[in-house]
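Here are my notes on this one, point by point. Have the structure open while you read, as I jump around the chain a bit.

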Amino acid sequence: LRRAGFEVFDCWHAVGPEADDYWKKYAQSRGQSLIEALQDYPAQHVFRYDEYHLTRCSIAVMVLPAGKSGHLELGVALGSGKPGYILLDKDPERYDIMYNFTTGMFDDVEDLVRALLENHA
């Protein structure tokens, strides 16, 4: 997507795949439940960071595999009226009819890039 000239925000990878696990352990060590931890500074800080970038984006692309957060983030983008796409990494183990809410699904990155350039460049 970058090579095609799109600005890509994927900085969520910078904190690594275990960031939520470490946050959970930290919150639990402080005696916090999930509901309490979500209101605490670390979660609010990260949430506002993510929210800012979801708000400023013009297109969302969720690359599978993705977790609950990725699916919610795509839903936020779609619910805000923005186009949202899914790039499959393989045929999913479990099919989900709610993917019909997306603007499009692709199993090839080149096909995705072509569609983005045709429809959003």
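1. Surface first. The protein exposes about 9100 Å², and carbon and sulfur atoms supply 56% of that area. Keep in mind throughout that this is a predicted model. Of the 121 residues, 26% count as buried.

2. Overall layout. I get 5 helices and 3 strands, and reading from the N terminus the order is α-α-α-β-α-β-β-α. The C-alpha trace spans about 50 × 30 × 25 Å along its principal axes. As for how the chain meets itself, take the contacts with a separation of 6 or more: 48% of them are between residues 24 or more positions apart.

3. Charges. There are 12 positive and 19 negative charges, and their mean positions sit 4 Å apart. How many salt bridges does a search of the whole structure find? It comes back with 5, and I go through some of them below.

4. Glu7 and Arg56. These two side chains meet in a salt bridge, at 2.5 Å from N to O. Glu7 lies in the segment before helix 1 (19-29) and Arg56 belongs to helix 3 (residues 41-56), so the pair ties together parts that are 49 residues apart in sequence. As for cover, Glu7 counts as exposed at 62% relative accessibility, while Arg56 is partly exposed at 38%.

5. Arg30 and Asp40. Here is another salt bridge between side chains, again listed at 2.5 Å from N to O. Arg30 is in the loop between helix 1 and helix 2 (34-39), and Asp40 is in the loop between helix 2 and helix 3, with their positions 10 residues apart in sequence. Arg30 is partly exposed, with a relative accessible area of 43%.

6. Arg48 and Glu51. This salt bridge has its closest N and O atoms 3.0 Å apart. Both residues are in helix 3, and being 3 residues apart there, they are separated by about one helical turn. Glu51 is partly exposed at a relative accessible area of 33%, and Arg48 is partly exposed too, at 44%.

7. Glu73, which I'd look at with some care. It is found in helix 4 (residues 68-79). Glu73 is buried yet has no salt bridge. Where is the nearest side chain of opposite charge? That is Lys82, and it is 12 Å away. Since a salt bridge here needs nitrogen and oxygen within 4 Å, Lys82 at 12 Å is no partner for Glu73. Leaving aside neighbours within four places in sequence, Glu73 is in contact with Trp12, Asp50 and Leu54.

8. Asp50, on the other side of one of those contacts. Asp50 is found in helix 3, and it is buried, with a relative accessible area of 12%. Not counting residues up to four places away in sequence, it touches Trp12 and Glu73. So what you have is two acidic side chains in contact: Asp50 and Glu73 both count as negative, they touch each other, and Trp12 appears in the contacts of Glu73 as well. For a sense of distance, the C-alpha atoms of Asp50 and His120 are separated by 23 Å, the two being 70 residues apart along the chain.

9. Cysteines. The search for disulfides returns 0. Cys11 is in no disulfide, and the nearest cysteine sulfur, that of Cys57, is 14 Å away. Seen from Cys57, the closest cysteine sulfur is the one in Cys11, and 14 Å is too far for a bond. Cys11 is partly exposed, with a relative accessible area of 36%.

10. A cis peptide. Which form does the peptide bond from Leu64 to Pro65 take, cis or trans? It is cis, with omega near 5°. Most peptide bonds are trans, which is the reason for flagging this one. Pro65 has its place in the loop between strand 1 (60-63) and helix 4.

11. What I'd revisit on a second pass. One spot is the buried Glu73 without a salt bridge, along with its contact to the buried Asp50. Another is the cis bond from Leu64 to Pro65. A third is the Glu7 and Arg56 pair, linking the segment before helix 1 to helix 3.

Definitions and conventions
Residues are numbered from 1 along each chain as its sequence is written. This is a predicted model: local features need pLDDT of at least 70, side-chain atom pairs count only at pLDDT 80 or more; totals for chains, interfaces and linings use all residues. Side-chain values use heavy atoms; hydrogens and water are left out. Helices (H or I, at least four residues) and strands (E, at least two) are DSSP runs, numbered from the N terminus. Buried means under 20% relative accessible area, exposed over 50%, partly exposed in between (1.4 Å probe, protein chains only). Contact means heavy atoms within 4.5 Å. Accessible areas come from the Shrake-Rupley method with a 1.4 Å probe; for residues, only the protein chains shown count as cover. The place of a charge is taken as NZ of Lys, CZ of Arg, CG of Asp or CD of Glu. A disulfide is a pair of cysteine sulfur atoms within 2.5 Å.
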